[in-house]
Amino acid sequence: MAFLGLRKWSTPVARPLWPFMVAGGITLYLVNIAQESSIRSEQWRNDARNPYAAQLAKESLH
């Protein structure tokens with residue numbers, strides 16, 4: 001018998017959703033790699049709109 005909608009055992013949430021969580025993590029990782037490679041590309045390295053332009057200029061001096 002359910003008391004206020006609560007059962008004796010909880011309904012599994014994370015267990016059936018683990019493939020989606022793994023796929024989301026992989027997707028975020030791949031988007032991060034794509035962003036890093038596009039920021040460091042020659043086309044965008046010296047662009048004023050690049051927020052990491054100063055950091056990349058400092059790294060290229062070393």
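Q: What pLDDT does the protein average?
A: This is a predicted model, where local features need pLDDT of at least 70, side-chain atom pairs count only at pLDDT 80 or more, and totals for chains, interfaces and linings use all residues. Residues are numbered from 1 along each chain as its sequence is written, and side-chain values use heavy atoms, with hydrogens and water left out. On pLDDT (the predictor's confidence in each residue, from 0 to 100), 94% of the residues score at least 70. The protein averages 85.

Q: Which helix has the lowest confidence?
A: Helices here are DSSP runs (H or I, at least four residues), numbered from the N terminus. Confidence peaks in helix 1, at 94. At the bottom, with a mean of 80, sits helix 3 (residues 53-61).

Q: What is the area of the nonpolar surface patch that includes Trp18?
A: Patches take residues with over 30% relative accessible area and no salt bridge, joining like charges within 9 Å and nonpolar side chains (Val, Leu, Ile, Met, Phe, Trp, Tyr) within 5 Å. Areas come from the Shrake-Rupley method with a 1.4 Å probe, and for residues only the protein chains shown count as cover. Trp18 sits in helix 1 (residues 14-39), and its partners in the patch are Val22, Ile26, Tyr29, Leu30 and Ile33. Together they make a patch of about 640 Å².

Q: Is Trp18 buried or exposed?
A: The cut-offs are under 20% relative accessible area for buried and over 50% for exposed, with partly exposed in between (1.4 Å probe, protein chains only). Trp18 has a relative accessible area of 54%, so it counts as exposed.

Q: How many salt bridges does the count come to?
A: Side chains of opposite charge can pair when their charged atoms come close. The rule wants a side-chain nitrogen of Lys or Arg within 4 Å of a carboxyl oxygen of Asp or Glu. By that rule the count is four.

Q: What is the N to O distance in the salt bridge of Glu36 and Arg40?
A: Glu36 is partly exposed at 35% relative accessibility, and Arg40 is partly exposed too, at 36%. Their side chains meet in a salt bridge, N to O, at 3.6 Å.

Q: Which residue forms a salt bridge with Glu42?
A: Look in helix 2 (residues 42-45), where both partners lie three residues apart, about one turn of the helix. Glu42 is exposed at 64%, while its partner is partly exposed at 22%. The closest N and O atoms are 3.8 Å apart, and the partner is Arg45.

Q: Which residue forms a salt bridge with Arg49?
A: Arg49 is exposed at 64% relative accessibility, whereas its partner is buried at 18%. That partner lies in the loop between helix 2 and helix 3. The closest N and O atoms are 3.0 Å apart, and the residue is Asp47.

Q: Which residues do salt bridges with shared partners join into one network?
A: The Glu36 and Arg40 pair has already come up, as a salt bridge at 3.6 Å. Shared partners give one network, made of Glu36, Arg40 and Glu59.

Q: Which residue has its backbone oxygen 3.0 Å from a polar atom of the side chain of Asn50?
A: Asn50 lies in the loop between helix 2 and helix 3 and is buried, with a relative accessible area of 8%. Its contacts (heavy atoms within 4.5 Å) include Ile39, Arg45 and Leu56, not counting residues up to four places away in sequence. The backbone oxygen in question belongs to Trp44.

Terms used:
Helices (H or I, at least four residues) and strands (E, at least two) are DSSP runs, numbered from the N terminus. A polar contact is a pair of N or O atoms within 3.5 Å; within protein, one must be able to donate a hydrogen and the other to accept it, and residues adjacent in sequence count only if both atoms are side-chain atoms.
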